[in-house]
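User: I have a model open with a ligand in it. Can you walk me through the site?

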Amino acid sequence: MKQSIIKGTGMYVPPNVITNHDLSKFMDTSDEWIKQRTGIEQRHWIDQKGATGSADLGFKAAEIALEKAGWTPEDLDFIIFATLSPDIMFPGSGCLLQAKLGLNSTPALDIRQQCTGFLYGIATADAYIKAGMADKVLLVGGEVHSSGLDKSTRGRDVTVIFGDGAAAVCIEGLETDEKVGLLASSLHADGNLADALMTELPASRLPKRCPKGLPTDDLRYYPVMDGPAIFKKAVRMLPRVINESLEKAQLTLEDIDLIIPHQANMRINQALGQFLKVDDNKIFHNIQKYGNTTAASIPIALHEAIEQERVGKPGEIVLFAGLGAGLTWGSAIYKFL
Ligand code: ACO
């Protein structure tokens with residue numbers, strides 16, 4: 001049986017750092033409020049002159065991951081791009097990334113699963129590998145949030161949490177009888193709660209998809225979120241979905257060396273630790289530096305955890321989990337070779 005093995009990771013965030021104090025210059029917020037409620041100290045945003053999309057950030061992350069894996073773009077036989085902020089409405093960012101990599105026939109798939117994009121992506125890569133449909137997969141999570149946020153006080157609850165960034169993972173099928181690679185994954189969605197966190201426009205379901213005047217005329221171009229409802233849902237569903245994957249992999253929390261949760265709010269991840277009765281040093285946090293980079297958040301954290309040698313030695317096991325817009329939620333367990 002083929003197992004899905006991570007051969008290399010990479011990340012990229014734009015150099016432009018926006019501190020909480022910077023935000024307080026154009027909206028009614030404060031460093032104290034943001035730190036206390038979310039744990040975020042700063043985020044990276046592209047420069048707001050335009051011309052940088054999610055695929056551009058993804059390309060830079062992919063270059064690093066490919067180099068770490070010792071692969072060239074020509075080695076790839078499948079590309080998966082997870083994003084909620086595609087460069088353009090269509091075609092997908094996976095196609096745009098494929099072209100940036102200098103390719104012209106490698107299949108490319110976009111995944112629109114927001115904060116669980118990486119979890120849906122790694123499960124898809126694993127399924128393709130196990131089905132014999134691909135052997136070398138590039139999975140990228142990339143987001144440019146900053147060009148689509150309401151930067152007035154009206155949008156402060158959402159705008160302060162999002163950062164731009166991308167990360168990439170090279171995944172290869174390995175024929176082995178060993179229990180390694182992706183050991184289990186569990187995915188869920190509840191579309192009944194779609195409007196708890198969404199950006200409505202542009203929308204094909206509306207008779208007039210093209211706006212009159214500027215997009216800022218219509219608030220539906222900005223993300224809206226029922227933050228407290230999502231917070232409560234995350235604290236309730238994440239432990240359940242973690243246990244679901246542990247059961248599938250026939251493991252317990254003691255077997256896990258590091259938990260890498262989606263970085264949406266440090267308080268959610270601390271509450272998760274308390275609920276699971278797991279010491280906080282077994283949970284990876286980097287939301288302080290990047291905010292919520294959505295589909296990029298788990299792979300950025302994975303890349304940093306490996307670079308910091310928090311995890312990655314043969315036999316070590318990492319557990320990923322996240323919940324976000326959709327609503328979607330999931331978890332996955334990976335054992336290093
Ligand atoms: N600065 C100052 N005050 C603020 C800000 C801000 N940036 N944002 C909101 N407030 C105010 C509100 O107006 C409100 O004021 P009021 O009491 O006078 O009405 C007060 O702070 C409390 O607002 P809440 O929304 O209840 O604050 P909460 O503690 O819930 O924090 C937050 C908000 C950070 C958004 C939190 O709810 C959260 O993190 N939710 C989960 C987010 C999440 O996980 N999203 C999913 C992933 S994202 C994705 O999938 C794309």
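User: Which domains does the shell around the ligand draw on?
Analyst: The shell draws at least three residues from each of domain 1 (2–175) and domain 2 (181–335). Those domain bounds come from an automatic or database domain assignment.

User: What should I know about the model itself?
Analyst: This is a predicted model, where local features need pLDDT of at least 70, side-chain atom pairs count only at pLDDT 80 or more, and totals for chains, interfaces and linings use all residues. Residues are numbered from 1 along each chain as its sequence is written, and side-chain values use heavy atoms, with hydrogens and water left out.

User: How many residues surround the ligand, and which are the closest?
Analyst: 27 residues surround the ligand, and the closest are Thr29, Arg37, Cys115, Asn265 and Ala325. A residue is near a molecule if one of its heavy atoms lies within 4 Å of it.

User: What is the split by class?
Analyst: The shell has 14 nonpolar, eight polar and five charged residues. Ala, Val, Leu, Ile, Met, Phe, Trp, Tyr, Cys and Pro count as nonpolar, Asp, Glu, Lys and Arg as charged, and the others, Gly among them, as polar.

User: Which element gives the largest share of the shell?
Analyst: H7, with four residues. Helix H2 (31–38), helix H6 (156–159), helix H7 (227–249), helix H8 (266–276) and strand S12 (317–324) each supply at least two. Helices (H or I, at least four residues) and strands (E, at least two) are DSSP runs, numbered from the N terminus.

User: OK, polar contacts. What does Thr29 do?
Analyst: A polar side-chain atom of Thr29 lies 2.6 Å from a nitrogen atom of the ligand. With the ligand, a polar contact is a pair of N or O atoms within 3.5 Å.

User: Which backbone atoms pair with a ligand oxygen?
Analyst: A polar backbone atom of Ala325 is 2.8 Å from an oxygen atom of the ligand, and one of Pro228 is 3.5 Å from an oxygen atom of the ligand. The protein covers 75% of the 1000 Å² of accessible area that the ligand has on its own, by the Shrake-Rupley method with a 1.4 Å probe.

User: Switching topic: where is the cis bond before Pro91?
Analyst: Pro91 is in the loop between strand S4 (78–82) and helix H4 (93–100). The cis peptide bond joins Phe90 and Pro91, with omega about 0°.

User: And what about Leu201 to Pro202?
Analyst: That peptide bond is cis too, with omega near 0°. Pro202 lies in the loop between strand S9 (197–198) and strand S10 (224–225).

Definitions and conventions
A polar contact is a pair of N or O atoms within 3.5 Å; within protein, one must be able to donate a hydrogen and the other to accept it, and residues adjacent in sequence count only if both atoms are side-chain atoms.
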